[in-house]
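Please look through the sequence and the structure below before reading on. The report that follows moves from one residue to its strand, and from there to the chain as a whole.

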Amino acid sequence: MRRWRRAAGTEPGLREKQRAWHWARKVRDARRAAAPYTNALGRPVCGLCGRGRPVALVERLRVSHTAPGGFARVLLPYCGCC
Ligand SMILES: [Zn+2]
């Protein structure tokens with residue numbers, strides 16, 4: 001499969017598509033890192049399901065190597081349905 005993808009002329013425009021997908025992923029990851037818990041339009045979404053509009057904040061524990069006890073408290077937006 002990799003050899004087939006690498007072969008020039010396998011599919012017209014495949015290299016351009018791969019390049020476009022690569023940059024789309026980079027933009028998506030950068031947007032998520034800059035504004036977590038937002039959708040593609042920049043509106044806030046649930047931190048658990050990623051779909052619903054958040055109505056509350058819930059507390060969760062995240063593994064942390066620097067926090068005492070090994071866990072750190074994190075507040076996530078929550079939609080109340082998931
Ligand atoms: Zn949710």
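How many C-beta neighbours does Ala72 have inside 10 Å, and does Ala72 count as buried, partly exposed or exposed? In this predicted model, Ala72 has 14 C-beta neighbours inside 10 Å, and because a residue needs 20 or more to be buried and 12 or fewer to be exposed, Ala72 counts as partly exposed.

**The two strands**

Ala72 lies in strand S2, which covers residues 71-78 and is joined by eight bridges to S1, the two strands running antiparallel. Leaving aside its neighbours within four places in sequence, Ala72 is in contact with Arg62, Ser64 and Ala67. The C-alpha atoms of Ala72 and Leu61 are separated by 5.5 Å, although these residues are eleven positions apart along the chain.

Another residue found in strand S2 is Leu76, which has 16 C-beta neighbours inside 10 Å and therefore counts as partly exposed. If residues up to four places away in sequence are not counted, Leu76 touches Gly47, Leu48, Leu57, Val58 and Arg60. Leu57, which is one of these contacts, stands opposite Pro77 in S2. By contrast, Leu76 and Ala24 are 26 Å apart in space, C-alpha to C-alpha, and 52 residues apart in sequence. Of the eight residues of S1, the number buried is zero, so strand S1 lies largely in the open.

**The helix and the loop**

Helix H2 covers residues 14-34, and at 1.5 Å a residue its 21 residues should span 30 Å, which agrees with the 30 Å between its end C-alpha atoms. Helix H2 also lies largely in the open, because the number of buried residues among its 21 is zero.

Tyr37 lies in the loop between H2 and S1. Most residues other than glycine have a negative phi. Tyr37, however, has a positive phi of about 65 degrees although it is not a glycine. With 15 other C-beta atoms within 10 Å, Tyr37 is partly exposed.

The three residues described above can be set side by side.

| Residue | Other C-beta atoms within 10 Å | Class |
|---|---|---|
| Tyr37 | 15 C-beta atoms | partly exposed |
| Ala72 | 14 C-beta atoms | partly exposed |
| Leu76 | 16 C-beta atoms | partly exposed |

**The chain as a whole**

The protein chain has two helices and two strands, and read along the sequence they follow the pattern α-α-β-β. The radius of gyration of the protein chain is 19 Å, well over the 12 Å that the globule rule gives for 82 residues, so the chain is more spread out than a compact globule. Along its principal axes, the C-alpha trace spans about 55 × 30 × 20 Å. Of the 82 residues of the chain, 1% count as buried. Among contacts with a separation of 6 or more, 39% are between residues 24 or more positions apart.

The chain is divided into domain 1 (1-34) and domain 2 (41-82), and the C-alpha centres of these domains lie 31 Å apart.

**Confidence in the prediction**

The mean pLDDT of the protein chain is 89, and 98% of its residues reach 70 or more. Confidence is lowest in helix H1 (residues 2-6), where the mean is 76, and highest in strand S1 (residues 56-63), where it is 96.

Definitions and conventions. Residues are numbered from 1 along each chain as its sequence is written. This is a predicted model: local features need pLDDT of at least 70, side-chain atom pairs count only at pLDDT 80 or more; totals for chains, interfaces and linings use all residues. Domain bounds come from an automatic or database domain assignment. Helices (H or I, at least four residues) and strands (E, at least two) are DSSP runs, numbered from the N terminus. The expected span of a helix is 1.5 Å times one less than its number of residues. pLDDT is the predictor's confidence in each residue, from 0 to 100. The radius of gyration is taken over C-alpha atoms; the globule rule is 2.2 Å times the number of residues to the power 0.38. Two residues are in contact if their C-beta atoms, placed from the backbone, lie within 7 Å. Two strands pair if DSSP finds at least two bridges between them.
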